[in-house]
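Me: I would like to go through this entry term by term and ask what each label rests on. Please set the values against the definitions as we go.

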Amino acid sequence: MNDITHHIPPRLIRAYASGSLPKSFSLVVAAHVSMCDECRARLEAEEFAGGAVLDTLAPASSDNYELLARTLAALDTPPLAEPQTHGAAGIYPAPIMQALKGRPPRWRPLGGGIRQTILDSDSEGSVRLLYIPPGSAVPDHGHNGLELTLVLQGSFHDETGSFGVGDVEVADADLDHTPMAGEGMPCICLAATDARLRFHSFVPRLLQPIFRI
Amino acid sequence: MDTEAESRLSDQTIWLIAVRDQRDRASFVRLFEFYAPRLRSMLARSNCTGAAADDIIQDAMLKVWHKAEQFDPGRATASAWVYRIARNCHIDVIRRTSRPIPEALKVEEPPDHDAASQITLNQEAQKLRQALDSLSADQREVIVQAYMGDLSHSEISDNTGLPLGTIKSRIRLALEKLRHEMKDLRSQ
Ligand SMILES: [Zn+2]
Ligand SMILES: [Zn+2]
């Protein structure tokens, strides 16, 4: 865990702390923070600053008396049971197990030995687990928006560098890349995008609508 | 500001510790009276007002009461802790689903009586507050927007095995960095 060299950029940690990061990226941030003390400290520092800003806000002049009475009356009622939470399992930190609802990933083939499990997908973006056999490449592609990729097992490398367990690659619209899994263990990563990827080769482009990449 | 003032915990943190350790209702009322109007301002920035805001404030303050035993003044101020809880409550309401949150560190010691880290953290709190106060009105608005962001719009777009002490010193380092970034903003 100590050799993480590619971290979540601070502006994204701040966006997570303030709640303004889209859901797909929030899962990557929560998963990386679960593996990385440096980013956990940065997140807690951002929340610290959020608290300092909260202190300085002009109090709203609304009458809170009734709300206080209602809240005090509820203090002795035991809180509703929290929804079931799932802890870390194997290579998956708790936030990913939570997204998997505690079950192992159900892999779907994407071609070329690559498999995926979509965890969440809506109009704002999507987040998925990718399984890439050792030495295999994800087809050359560009991005319409931002793509965050967190390595959970094995490693991959591309034009910008190499990424091991815990590392996050941040790819934006300027980057065209061909991520290639390292030798050894298959590479399993968590990948989030806020827009569809642009594949350059013909076949993956045809597959795109089917596989929701 | 004298050293004694800098090393004193904030009133809010003292009240929260009284809620945590003595289940003290009078202190809870003080926390409510301090935070409810500020949370209302925070929520209003995301166009959340009236009964919807009431529900989130009540939910957040009840979580403060029920989860108080998790509060560690060596890692967070009361305000940082309430900020996080209220944000999570608000986002869960917007998305109608629980927000992904990081796995908790396995607490290796009960969160208390680490006076040294409480004091250093509190000194950092004072310095951060001074850095905030020294910004121009425009610069401050940038910071306020970054932390109190308009959620309704922004929506479009295993235990690490390290002892808690390591996290605490890293939080201090991260806070120093953050404060210097704020200073850089001022000199622009
Ligand atoms: Zn990190
Ligand atoms: Zn990519």
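Reply: Two strands pair if DSSP finds at least two bridges between them, and the strands themselves are DSSP runs of E of at least two residues, while helices are runs of H or I of at least four, both numbered from the N terminus. The model is a predicted one, in which local features need pLDDT of at least 70 and side-chain atom pairs count only at pLDDT 80 or more, whereas totals for chains, interfaces and linings use all residues. Residues are numbered from 1 along each chain as its sequence is written, and chains are lettered from A and ligands numbered from 1 in the order in which they are written.

Me: What makes strand S6 and S7 of chain A a pair?

Reply: Strand S6 (residues 156-158) and S7(A) are joined over three bridges in the antiparallel sense, which satisfies the requirement of at least two bridges, so they count as paired. Within this pairing, A:Phe156 stands opposite A:Phe163 in S7(A). The two strands belong to an open antiparallel sheet of three strands in chain A, in the order S7-S6-S9.

Me: Why are strand S7 and strand S9 of chain A said to stand at the edges?

Reply: Strand S7 (161-163) and strand S9 (180-181) each have a single partner strand, so one side of each is left without a neighbour in the sheet.

Me: Why is strand S3 of chain A described as largely enclosed?

Reply: A residue is buried if 20 or more other C-beta atoms lie within 10 Å of its own, exposed if 12 or fewer do, and partly exposed in between, with C-beta atoms placed from the backbone. By that criterion eight of the eight residues of S3(A), residues 125-132, are buried, so the strand is largely enclosed by the rest of the structure. Both faces are covered, with A:Gly125, A:Val127, A:Leu129 and A:Tyr131 on one side and A:Ser126, A:Arg128, A:Leu130 and A:Ile132 on the other.

Me: Which strands pair with S3(A), and what stands opposite A:Leu129?

Reply: Strand S2 (residues 114-122) is joined to S3(A) by seven bridges and runs antiparallel to it, the connection being a hairpin through two residues. Strand S10 (residues 187-193) is likewise joined to S3(A) by seven bridges, again antiparallel. A:Leu129 stands opposite A:Thr117, and its bridge partner in S10(A) is A:Leu190.

Me: How do you know that the length of helix H3 of chain A agrees with its number of residues?

Reply: The expected span of a helix is 1.5 Å times one less than its number of residues. For the 20 residues of H3(A), residues 37-56, this gives 28 Å, and the end C-alpha atoms are 29 Å apart, which agrees. H3(A) is also mostly covered, since 17 of its 20 residues are buried.

Me: Why is A:Ile8 called buried, and what does it touch?

Reply: A:Ile8 has 23 other C-beta atoms within 10 Å, so it counts as buried, although its place is in the segment before helix H1 (10-17) of chain A. Contact means that the C-beta atoms of two residues, placed from the backbone, lie within 7 Å. Not counting residues up to four places away in sequence, A:Ile8 touches A:Ile13, A:Val29, A:His32, A:Cys39 and A:Val168.

Me: What makes up the largest nonpolar core?

Reply: A nonpolar core is a set of buried Ala, Val, Leu, Ile, Met, Phe, Trp, Tyr and Cys residues joined through C-beta atoms within 7 Å. The largest has 49 residues, and those with the most contacts inside it are B:Leu31, B:Ala60, B:Val82 and B:Ala86. H3 of chain A supplies at least two residues of this core, as do helix H2 (11-22), H3, H4, H5, H6, H7 and H9 of chain B. H3(B) gives the largest share, nine residues. Leaving aside neighbours within four places in sequence, B:Val82 is in contact with A:Gly51, B:Tyr35, B:Ala60 and B:Val64. A second, separate core of 46 residues includes A:Leu43, A:Leu150, A:Ala192 and B:Ile101.

Me: How many residues does each chain bring to the contact between them, and what is their character on the side of chain B?

Reply: Chain B brings 59 residues and chain A brings 50. On the side of chain B that touches chain A, 35 are nonpolar, 12 polar and 12 charged, where Ala, Val, Leu, Ile, Met, Phe, Trp, Tyr, Cys and Pro count as nonpolar, Asp, Glu, Lys and Arg as charged, and the others, Gly among them, as polar. Chain B itself has nine helices and zero strands, whereas chain A has six helices and 11 strands.
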